[in-house]
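Trainee: Pick one part of this model and go through it closely. I want the residues and what they touch.

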Amino acid sequence: MSSRSINYRTDAREAGCGFAVCVDVVILYAVNHLLEWGVPFVTPAFADVLWALNLSLGTAIVINATFIALDRPWWRRLGRAAMDATALLSTYVLFTVFPFDLPSVWMTSMFALMLVLLIVVLAISTVVHVVQFGAEVVR
């Protein structure tokens, strides 16, 4: 029996962060091999967005891994703000380069609209997490 007290909420958060790291590593691998796999709707311009996607996924992997070791509210807020900011950057780059050749104009328009909505949501989320971090530090 362990001398560590059981805190199911912390244990669940750590497990979730560990799972997020595993999923992000798989996504990172897939993103970096899409062009090799010849996915039909991904154009060669996808190589121009890889740096931003790698930055975003790498940030998420590192920060989620540190969440397992450092479970402080201020760090969670700062880490989430950093993950949101890099996700915002990668989504913006994905939207501006748009390395996809979808089968119809309607699908292309809907996907572009989805990216714009995601940019708005990520911008709001980044601001909220930065403000929460600031409030946590002031306390």
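Mentor: Contact means heavy atoms within 4.5 Å. This is a predicted model, where local features need pLDDT of at least 70, side-chain atom pairs count only at pLDDT 80 or more, and totals for chains, interfaces and linings use all residues. Residues are numbered from 1 along each chain as its sequence is written, and side-chain values use heavy atoms, with hydrogens and water left out.

Take helix α3 and follow its links outward. Helices here are DSSP runs of H or I with at least four residues, numbered from the N terminus. α3 covers residues 50-69. It has 20 residues and reaches 29 Å from its first C-alpha to its last. That is close to the 28 Å expected at 1.5 Å a residue, counted over one less than the number of residues.

Now its buried side (buried: under 20% relative accessible area; exposed: over 50%; partly exposed: in between; 1.4 Å probe, protein chains only). The buried residues of α3 are Leu-50, Ala-52, Leu-53, Ser-56, Leu-57, Thr-59, Ala-60, Ile-61, Ile-63, Asn-64 and Phe-67.

Start with Phe-67. This residue sits in α3. It counts as buried because its relative accessible area is 6%. Leave aside neighbours within four places in sequence, and Phe-67 is in contact with Cys-17, Trp-75, Arg-76, Gly-79, Arg-80 and Met-83. Trp-75, Arg-76, Gly-79 and Met-83 are themselves among the buried residues of α4. Phe-67 also lies 9.0 Å from Gly-18, C-alpha to C-alpha, although 49 residues separate the two along the chain.

Asn-64 is also in α3. It too is classed as buried, because its relative accessible area is 9%. With the same neighbours left aside, Asn-64 is in contact with Cys-17, Ala-20, Val-21, Asp-24 and Met-83. So Cys-17 and Met-83 appear in the contacts of both Asn-64 and Phe-67.

Next, the nonpolar cores. Such a core is a set of buried Ala, Val, Leu, Ile, Met, Phe, Trp, Tyr and Cys residues joined through side-chain atoms within 4.5 Å. The largest one has 15 residues. Val-31, Phe-46, Val-49, Leu-53, Leu-94, Phe-98 and Phe-100 have the most contacts inside it. Two or more residues each come from α3, α4 and α5 (105-138). α3 gives the most, with four. Apart from that core lies another, of six residues, among them Cys-17, Ala-60, Ile-63 and Phe-67. In soluble globular proteins, nonpolar side chains tend to be buried together.

From here, follow α4, residues 73-97. It has 25 residues and reaches 36 Å from first C-alpha to last, close to the 36 Å expected. Its buried residues include Asp-84, Thr-86, Ser-90, Val-93 and Leu-94.

Val-97 is in α4 too. It counts as partly exposed because its relative accessible area is 30%. Beyond neighbours within four places in sequence, Val-97 is in contact with Ala-45, Asp-48 and Val-49. Its C-alpha is 10.0 Å from that of Ala-47, 50 residues away in sequence.

Just after α4, Phe-98 takes a positive phi of about 40°. Phe-100 touches Phe-41, Val-42, Thr-43, Leu-94 and Phe-111, not counting residues up to four places away in sequence. Phe-98, Phe-100 and Leu-94 bring you back to the largest core, where α3 is the main contributor.
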